[in-house]
Amino acid sequence: MRLALSAFTVAALFCSTPAICESADTHLIYSYPKAGGTEREPVGFVQVGFGNADVDIDVDLLFVEIVNPDETKIEVYNASTNDFPRQPSAMIALTLVDPLTTPGDYRVNYVFKSAQEVSPAGDKSGSFNFTLDLPETESAGESSGSGKDDID
C-alpha cells in the first residue's frame with residue numbers, strides 16, 4: 001500500500017506543472033506568414049511558434065515544406081538530413097534559399113514533437129495556408145510613351 005501511495009504522490013507532484021501535464025494540446029500558435037493571411041512583399045523566411053494552453057512549449061521541429069501555387073514542393077527543413085544541431089524551441093525561424101515571389105496560394109506543412117511529452121504520442125503534423133499578392137510593377141523596358149523619339 002505504501003508503494004501505491006508513493007507513486008500516486010509522485011504523479012501528483014509532476015502534474016502540478018502545467019507544461020508537463022497539458023502537453024497533449026501542443027499546437028501552432030504563431031506563424032509567419034500569418035495563417036490565412038495575405039503577404040504583399042516577397043517572403044524570405046518561415047516562422048512557426050508552438051504553445052499549449054497559453055504556455056510556450058519546447059518542440060523538436062522535424063520537417064517543414066512549402067507547397068507552391070503550382071503544387072510543387074520546397075523542402076525547407078528536414079531534421080534527418082540537415083547537418084546543423086537541432087535545438088528545442090517554441091519559436092523557430094527558417095530562412096528560405098530563394099524568397100517566394102510568385103503570386104498565389106501557398107501551404108506550409110510541418111511536423112514536430114513536443115519536448116515536454118510525458119507519454120510520447122508520436123510526431124504531430126499540421127499545415128497553414130497564406131496568399132502572396134505582390135503589387136504589379138512595370139518592367140524595366142516598358143514606358144508610358146510610344147517608344148519613339150518625339151522630334152518635330
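Is D133 buried, partly exposed or exposed? In this predicted model, D133 counts as partly exposed, because its relative accessibility is 38%. The cut-offs are under 20% for buried and over 50% for exposed.

D133 also takes part in a salt bridge. Its side chain meets that of R40, at 2.7 Å from N to O. A search of the whole structure finds 1 salt bridge. Side chains of opposite charge can pair when their charged atoms come close. R40 lies in the loop between β2 (38-39) and β3, and D133 lies in the segment after β9, so the pair ties together parts that are 93 residues apart in sequence.

The interior was examined next. The largest nonpolar core holds 26 residues. Within this core, F50, L61, V64, I66 and L100 touch the most other members. Two or more residues come from each of β1, β3 (43-52), β5 (59-67), β6 (73-78), β7 (91-100), β8 and β9. Strand β5 gives the most, with 5 residues.

The surroundings of L100 were listed without residues up to four places away in sequence. On that basis, L100 touches P42, V43, I66, N68, I74, Y106, F130 and L132. I66 is thus a contact of L100, and both residues are among those that touch the most other core members.

Aromatic rings were then considered. The count comes to 5 aromatic pairs. One of them joins Y106 and F130, and this pair is stacked. The ring centres are 5.2 Å apart, with 5 degrees between the planes. Y106 lies in strand β8 (residues 104-114) and F130 in strand β9 (residues 124-132), so the pair ties together parts that are 24 residues apart in sequence. Y106 and F130 are both buried. Each of these two residues also touches L100. Elsewhere, ring pairs link F50, Y110 and F112 into a cluster. F50 appears again among the residues that touch the most other members of the largest nonpolar core.

The surface was the last region analysed. I29, Y30 and M91 make a nonpolar surface patch of about 280 Å². I29 lies in strand β1 (residues 27-32). This residue counts as partly exposed, because its relative accessibility is 48%. Strand β1 is also one of the elements that give two or more residues to the largest nonpolar core.

Key. Residues are numbered from 1 along each chain as its sequence is written. This is a predicted model: local features need pLDDT of at least 70, side-chain atom pairs count only at pLDDT 80 or more; totals for chains, interfaces and linings use all residues. Side-chain values use heavy atoms; hydrogens and water are left out. Rings of Phe, Tyr and Trp (its six-membered ring) pair if their centres lie within 6.5 Å; planes under 30 degrees apart count as stacked, over 60 as edge-to-face and the rest as tilted. Helices (H or I, at least four residues) and strands (E, at least two) are DSSP runs, numbered from the N terminus. Buried means under 20% relative accessible area, exposed over 50%, partly exposed in between (1.4 Å probe, protein chains only). Patches are made of residues with over 30% relative accessible area and no salt bridge: like charges are joined within 9 Å, nonpolar side chains (Val, Leu, Ile, Met, Phe, Trp, Tyr) within 5 Å. Accessible areas come from the Shrake-Rupley method with a 1.4 Å probe; for residues, only the protein chains shown count as cover. A salt bridge is a side-chain nitrogen of Lys or Arg within 4 Å of a carboxyl oxygen of Asp or Glu. A nonpolar core is a set of buried Ala, Val, Leu, Ile, Met, Phe, Trp, Tyr and Cys residues joined through side-chain atoms within 4.5 Å. Contact means heavy atoms within 4.5 Å.
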